[in-house]
Each structure stands twice: as C-alpha cells, then as structure tokens.
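Trainee: I would like to go through the labels on this model one by one. Can we check each value against its cut-off?
Mentor: Yes, let us start.

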Amino acid sequence: MLNPIEKLEAFRSKNGLSKGQLAQMMGIPVKTIEPWFCPGPSGYIPGKKNLRRIQDFLADKLPEAVRRAETTELEREAERRSEKIKYLLLLLEDELRWFKDTPQKEARQVLRRQIYFNDVGYISSLLGMLGDEEMFQRWKTLTNYRFKGLRGGGDGKSKN
C-alpha cells in the first residue's frame, strides 16, 4: 500500500502537475513540498499537520481525478465507436446503392434471402433514436426485440 507521499506523487504525475502547481493547489509553499519528493537522506517526511493536509487533499482530489479519468476513458471509447459506426454507415450506403442501382431484381432477391429484415427495422429504429436521449430512453423502455443477425435466417419474413 502506498504511503501518503507516494499517493501524492502518483496524483501529481498522473495529472501532469509540476511540484509548483501541486503546491499551489494544496496551498503550501513549493519549498515545503519539494523535500517530500527527494529520495534518501535529503528528503524528509512531513509533520502531522502537513500529513493531515495531504490526506485531506487526496481525499478531496482523488475521487474527482478518478471521475475525470473515467469520463475521459468513456469519451475516448465513445469517439472510437462513433467513428466505426460512421465508417460502417458509409460502407453500408455504398453497398445498398449497388442493390438500388442494379436493374435486375434477382440481385435484390439474393439480398432478401440473406438478410433478416426485422433486424433492419430494429437497427434503423435504434440509429434514429440514438439522435435524441429522451426519445432513446422511451424507445429502450418499449423495445423488447432482440437482434437475430446471422441466427435469424434470411427469408426476409418475420420469425418471431
């Protein structure tokens, strides 16, 4: 388990703070905290008053830093997945345009055998509802359809 100084150093480095910035955040002169981070005999352990100040600071800041890190991770994951969906939609539109522009109905019949069209309705509805949070939450409450994908068969007819 980390001691308070190790926790403080982990917080400082994780947040990219200089010792001066950390000192300012804590309301302590930088000359006071610099020796805390020196290894060996040149460093010293803070007194009880400053140890309490460190513990209070970490108790206040760590939950905020964790929340910020989680939000950042969530945002990164949402960005990554949003980009994938954007490219998938571009690819899907390109593939569907081929079926739209092909004059032979036999090509579309092949598609109808391959795709379970209730899934298409579900995906289309989900995409539409994701555009508005309130509508999405209502849709989510009312929807009990389960995507069948490859399990659904492909005659284009409902198989509930």
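Trainee: What makes Phe11 buried or exposed?
Mentor: Keep in mind that this is a predicted model. Phe11 has a relative accessible area of 5%. Buried means under 20%, so Phe11 is buried.

Trainee: Why is the pair of Phe11 and Phe57 called edge-to-face?
Mentor: Look at distance and angle. The ring centres lie 5.4 Å apart, and pairing needs them within 6.5 Å. The planes meet at 85°. Over 60 degrees counts as edge-to-face, so the label fits.

Trainee: What does this pair tie together?
Mentor: Phe11 lies in helix H1 and Phe57 in helix H4, so the pair links parts that are 46 residues apart in sequence. Phe57 counts as buried, at 9% relative accessibility.

Trainee: How do you know which label suits Trp98 and Phe99?
Mentor: Use the angle again. Their planes are 90° apart, with 4.9 Å centre to centre. That is over 60 degrees, so this pair is edge-to-face.

Trainee: Why is Leu96 called partly exposed?
Mentor: Leu96 has 43% relative accessibility. Buried is under 20% and exposed is over 50%. The value falls in between, so Leu96 is partly exposed. Leu96 belongs to helix H4 and to a nonpolar surface patch with about 670 Å² of accessible area together. H4 gives the most to that patch, with four residues.

Trainee: How do you know that the charged end of Arg12 sits over the ring of Phe37?
Mentor: The distance to the ring centre is 5.8 Å. The cut-off is within 6 Å, and within 35 degrees of the ring normal. Arg12 is listed as sitting over the ring of Phe37, so both conditions hold.

Conventions
Residues numbered from 1 in each chain as written. Predicted model: local features only at pLDDT ≥ 70, side-chain atom pairs only at ≥ 80, totals over all residues. Heavy atoms only, no water. Patch = residues over 30% accessible without salt bridge, like charges linked within 9 Å, V, L, I, M, F, W, Y side chains within 5 Å. Areas by Shrake-Rupley, 256 points an atom, 1.4 Å probe, with all protein chains shown as cover. Salt bridge = Lys/Arg side-chain N within 4 Å of Asp/Glu carboxyl O. Helix = DSSP H or I, 4+ residues; strand = E, 2+ residues; numbered from the N terminus. Buried < 20%, exposed > 50% of the residue type's maximum accessible area, 1.4 Å probe, protein only. Phe/Tyr/Trp six-rings, centres within 6.5 Å; stacked < 30°, edge-to-face > 60°.
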